[in-house]
Structures are given as C-alpha cells and as structure tokens.
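Welcome, and thanks for taking a look at this one. Please have the sequence and the 3D view side by side as you read.

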Amino acid sequence: MDIPTEHARKIDDLMSKTKANGGLAPVDLEKFWADQQVAAADPFGKDIPQVPLGVMMSGECVFDELGVPEDHWRYDHDEEWRVALNKAYNEKAEQIVGRRLLGDGHSGDPTRRYPATKGMSDLFEAENVWKDRSWWLMQSANNEHELKALLDRVEALDMRSFILPDNWDEEKARLQALGVRPPLFRGMRGPVTFAMSVYGVENLIFLILDNPDLAVRFRDAILNSILGIARV
C-alpha cells in the first residue's frame with residue numbers, strides 16, 4: 001500500500017523523535033493528564049480535548065513490566081511482596097507516564113474492615129477453586145433435574161440472613177461509629193458467564209433451545225439474586 005508523502009513524513013518524524021527519546025513517543029505528560037481530567041469529567045462532551053482514558057492498570061501488569069515470574073496467589077496473599085512490586089512498578093510508571101498507576105498494595109487496617117459476606121457463588125452452591133493462576137467457579141448443576149432443585153433452594157433463601165455473618169449488625173455499628181461505611185456490591189462476572197459456570201457451557205445453550213421456560217427461571221434467579229445482594 002502506498003503511503004501519501006505527507007503521512008510518510010509524519011511517520012518518519014515521529015519515529016525519529018521516539019528513537020531520540022529512548023523508544024518512547026514524545027508526549028507532553030502534564031498536558032495529557034490535565035486533558036484527561038477534563039475529558040473524564042464529561043466523557044461524551046463535544047469540547048473535550050481528547051478521548052478519555054477509560055482504563056488504568058491493575059496488579060496483573062507488574063509481572064511482565066518488572067520481569068518477575070507470575071505468581072498471582074502470592075501477589076494476592078503476600079502483602080509485603082505485593083507492596084514491594086507495586087512500589088517498583090509505580091516508580092517505573094512515574095518515569096514513563098508521569099503517574100503512579102497502582103495503589104500502594106496495602107490491604108488496610110484489618111480492624112476497620114467489614115466481615116466477609118457471602119455472594120453469588122455461595123447462593124448457587126458453586127465452589128471457587130484456585131487453578132492455573134486464577135479462581136475458577138465450578139459447576140454445581142449437571143442436568144435439568146439438578147438445576148430445578150438448585151433453583152428451588154436459591155428461591156427459598158432469605159437473602160439477608162444467608163449472605164450476612166452472625167456478627168454483621170454489631171460490626172456494622174462499631175465501624176459506622178468510626179466513620180467506615182459498609183461496602184457496596186460491586187463487580188461480578190457477566191450473568192451469562194456466571195450461568196455457564198454454574199450449569200456448563202453446552203448445557204446452558206441446549207437449555208435455552210430445549211427448555212426456554214426453565215432457562216427464563218434460571219435467568220430470573222440470577223437477576224433477582226444480584227439485585228437482592230445489592231439491596232442488602
């Protein structure tokens with residue numbers, strides 16, 4: 001493909017400046033981040049100076065960037081190691097993009113943390129298993145008979161008493177007195193992915209085709225459970 005002369009000149013100019021800048025494109029970082037703040041405040045605004053950057057880094061990035069062998073279990077459970085990796089990553093990021101992109105890696109004061117609650121996997125009796133560097137949600141129903149029985153149990157649950165631990169009210173009172181608000185329900189795998197984890201990929205596809213009424217009941221149970229947890 002022939003590149004117009006003007007475009008070729010711009011490409012050559014950019015490549016020359018990038019090479020002279022240690023392999024990094026020459027960007028006015030302060031202007032970029034100032035424009036990012038404006039754009040992020042009104043992502044669809046007509047007069048924003050640039051398309052807002054909608055994603056930031058998460059902990060998975062440290063291994064490749066720092067040349068460290070991947071160990072996600074240790075990263076999640078060894079706070080001292082996680083803090084050291086995040087610090088090294090942030091120092092590198094600050095040199096390149098002018099910002100420390102990760103949190104410091106500290107878990108926070110355990111005395112200011114709400115007790116663990118149950119979630120969607122618990123409601124649908126699906127076990128979370130650590131396998132091949134990540135958590136996998138295991139199937140909990142294998143046929144229509146098992147799925148119907150599972151939905152019977154899910155629909156009969158009292159959501160509040162099921163998901164909250166026995167000491168929730170006293171811990172909530174203690175923590176709210178310290179100014180710590182209860183966490184909100186945020187983030188879960190997509191409902192179709194969740195359904196496929198609980199019932200199996202092929203099973204779900206055939207269920208939708210062969211027994212749409214049960215598929216709708218399954219869908220509604222997932223929807224109602226998500227909303228029920230959020231309300232609690």
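The report below goes through pockets, one helix pair and three single residues.

Please keep in mind that this is a predicted model.

**The two pockets**

A good place to begin is the largest pocket, which has a volume of about 750 Å³. Its lining is made up of 27 residues, and those lying nearest the centre are Thr117, Lys118, Gly119, Phe185 and Ile229. Four elements give two or more residues each to this lining: helix 6 (120-123), helix 8 (159-163), helix 9 (168-177) and helix 12. Helix 6 has the largest share, with 3 residues. Sorted by class, the lining of the largest pocket holds 17 nonpolar, 5 polar and 5 charged residues.

Now turn to the second largest pocket, where about 310 Å³ of space is found. Here 15 residues form the lining, and Ala25, Val27, Leu29, Ile96 and Val97 are the closest to the centre. Helix 2 (29-41) and helix 5 (79-97) are the elements that contribute two or more residues to the lining of this second pocket. The most comes from helix 2, which gives 3 residues. What classes of residue line the second largest pocket? The lining has 14 nonpolar residues, 1 polar residue and no charged ones.

**Helix 11 against helix 12**

Helix 12 also takes part in a helix pair. Two packed helices are described by the angle between their axes and the distance between the axes. For helix 11 (residues 201-210) and helix 12 (residues 212-231), the angle is about 120° and the axes are 6 Å apart. The two helices are therefore oblique to each other. On the helix 11 side, the contact is made by Leu204, Leu207, Ile208, Leu209 and Asp210, and these meet Pro212, Leu214, Ala215 and Phe218 of helix 12. By class, the residues of this contact are 8 nonpolar, no polar and 1 charged.

**Three residues to look at**

The table gives the place and the relative accessibility of three residues.

| Residue | Place | Relative accessibility |
|---|---|---|
| Serine 225 | helix 12 | 4% |
| Threonine 111 | loop between helix 5 and helix 6 | 46% |
| Arginine 186 | loop between helix 9 and helix 10 (191-199) | 65% |

Is serine 225 buried or exposed? Buried means under 20% relative accessible area, so serine 225, at 4%, counts as buried. Leaving aside residues up to four places away in sequence, serine 225 touches Met120, Leu123, Phe124, Val154 and Met159.

Threonine 111 counts as partly exposed because its relative accessibility is 46%. Which residues does threonine 111 touch, not counting residues up to four places away in sequence? The answer is Arg174 and Leu175. Threonine 111 and leucine 150 are 39 residues apart along the chain, and their C-alpha atoms are separated by 36 Å.

Arginine 186, in turn, is exposed, with a relative accessible area of 65%. If you would like a distance to check in your viewer, take arginine 186 and aspartate 47: they are 31 Å apart in space, C-alpha to C-alpha, and 139 residues apart in sequence.

Notes
Residues are numbered from 1 along each chain as its sequence is written. This is a predicted model: local features need pLDDT of at least 70, side-chain atom pairs count only at pLDDT 80 or more; totals for chains, interfaces and linings use all residues. Side-chain values use heavy atoms; hydrogens and water are left out. Axes are lines fitted to C-alpha atoms, for helices over the stretch in contact, and angles run from 0 to 180 degrees between N-to-C directions. Angles under 35 degrees count as roughly parallel, over 145 as roughly antiparallel, 65 to 115 as roughly perpendicular and the rest as oblique. Contact means heavy atoms within 4.5 Å. Ala, Val, Leu, Ile, Met, Phe, Trp, Tyr, Cys and Pro count as nonpolar, Asp, Glu, Lys and Arg as charged, and the others, Gly among them, as polar. On a 1 Å grid over the protein atoms alone, a cavity is a set of points where a 1.4 Å probe fits but cannot get out, and a pocket is an open set with protein on both sides within 12 Å along at least five of seven lines; lining residues have an atom within 4 Å of a point. Grid points are joined across faces, edges and corners, and a volume is the space filled by probe spheres set on the points. Buried means under 20% relative accessible area, exposed over 50%, partly exposed in between (1.4 Å probe, protein chains only).
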